[in-house]
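Hi,

Here is the structure I said I would pass on. Have a look at it first, and then read on for what turned up.

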Amino acid sequence: MKPMSSDIAAKFSGVIDRCYFPFAILFLLALVYNHLHLIAYPLPLDYNEPAAQTVTATIAASENPYSIENQPARTSAYPVLYNMLIAPLTAIFGNTLQLHRLVTGAFIIAACVLVFF
């Protein structure tokens with residue numbers, strides 16, 4: 001006679017196997033939904049988020065954000081490569097929080113793919 005616990009474990013194992021994929025899809029859909037709301041939110045989500053827009057606008061206007069006349073209002077503690085890469089996109093899409101969040105998200109996904117491979 002088999003122990004009762006192995007029968008229960010076998011039954012639950014089948015249930016878990018059948019439920020895993022649908023729940024994984026639901027989790028992914030909820031995650032995408034949450035991120036779309038974060039990207040589309042019209043107000044800054046943290047204190048320093050508009051600083052990236054300011055530095056990008058300065059670079060898009062062909063000015064140096066670190067020159068003395070732009071100090072201290074247009075300085076950033078972060079390197080300007082991100083702002084230099086996004087400045088041409090602001091001519092097409094506008095200098096919005098949503099554009100900055102989309103580009104940041106694309107860089108995060110690219111970093112995750114790079115780490116994966």
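Let me start with burial: of the 117 residues in the chain, 17% count as buried. Keep in mind that this is a predicted model.

**Overall build**

The chain has 4 helices and 0 strands, so read from the N terminus, by the DSSP runs, the order of elements is simply α-α-α-α. The radius of gyration is 23 Å, and the globule rule gives 13 Å for 117 residues, so the chain is more spread out than a compact globule. If you line the C-alpha trace up with its principal axes, the spans come out at about 85 × 25 × 25 Å.

On contacts, take the ones with a separation of 6 or more: residues 24 or more positions apart account for 53% of them. The accessible surface is about 9,200 Å², and carbon and sulfur atoms hold 74% of that.

**The two pockets**

You will probably want the pockets next. The largest pocket holds about 400 Å³ of space. It has 16 lining residues, and Asn 48, Glu 49, Ala 52, Tyr 82 and Thr 104 are the closest to its centre. Which elements give two or more residues to this lining? They are α2 (49-60), α3 (81-93) and α4 (97-116). Helix α4 has the largest share, with 6 residues. By type, the lining of the largest pocket splits into 7 nonpolar, 6 polar and 3 charged residues.

The second largest pocket comes in at about 330 Å³. Here 14 residues do the lining, and those closest to the centre are His 35, Ile 39, Arg 101, Gly 105 and Ile 108. Two or more lining residues come from each of α1 (4-40) and α4. The make-up of this second lining is 10 nonpolar, 2 polar and 2 charged. Helix α4 is thus on the list for the largest pocket and on the list for the second largest pocket.

**The loop between α2 and α3**

This stretch kept me busy, as several of the local details sit here. Let me begin with the backbone. As background, most residues other than glycine have a negative phi, and most peptide bonds are trans. Against that, the peptide bond from Gln 71 to Pro 72 is cis, with omega near -10°. Pro 72 belongs to the loop between α2 and α3. Ser 62 is in that loop too, and its phi is near 60°, a positive value in a residue other than glycine.

Is Ser 62 buried or exposed? Its relative accessibility is 71%, and the cut-off for exposed is over 50%, so Ser 62 counts as exposed.

Asn 70 is another residue of the loop between α2 and α3. Its relative accessible area is 8%, which is under the 20% cut-off, so Asn 70 is buried. What does Asn 70 touch, leaving aside neighbours within four places in sequence? Its contacts are Thr 58, Glu 63, Asn 64, Pro 65 and Thr 75. There is also a distance you can check in your viewer: Asn 70 and Val 55 are 15 residues apart in sequence, and their C-alpha atoms are 9.9 Å apart in space.

Ser 76 is in the loop between α2 and α3 as well. Its relative accessible area is 18%, still under 20%, so Ser 76 is buried. Outside the four places on either side in sequence, Ser 76 is in contact with Val 55 and Tyr 66. Tyr 66 is 10 residues away along the chain, and the C-alpha atoms of the two are separated by 8.4 Å.

**Thr 58, on the helix side**

One of the contacts of Asn 70 is Thr 58, and this residue is found in helix α2. With 0% relative accessibility, Thr 58 counts as buried. Not counting residues up to four places away in sequence, Thr 58 touches Glu 63, Asn 64, Pro 65, Asn 70 and Arg 74. If you compare the lists, Glu 63, Asn 64 and Pro 65 are among the contacts of Thr 58 and also among those of Asn 70.

A good place to begin in the viewer would be Thr 58 and Asn 70, which are in contact, and then the cis bond from Gln 71 to Pro 72.

Cheers

Note on methods. Residues numbered from 1 in each chain as written. Predicted model: local features only at pLDDT ≥ 70, side-chain atom pairs only at ≥ 80, totals over all residues. Heavy atoms only, no water. 1 Å grid on protein atoms, 1.4 Å probe; cavity = no way out; pocket = protein on both sides within 12 Å on 5 of 7 lines; lining within 4 Å. Points joined across faces, edges and corners; volume = space filled by probe spheres on them. Nonpolar A, V, L, I, M, F, W, Y, C, P; charged D, E, K, R; others polar. Rg over C-alpha atoms; globule rule 2.2 N^0.38 Å. Buried < 20%, exposed > 50% of the residue type's maximum accessible area, 1.4 Å probe, protein only. Contact = heavy atoms within 4.5 Å. Areas by Shrake-Rupley, 256 points an atom, 1.4 Å probe, with all protein chains shown as cover.
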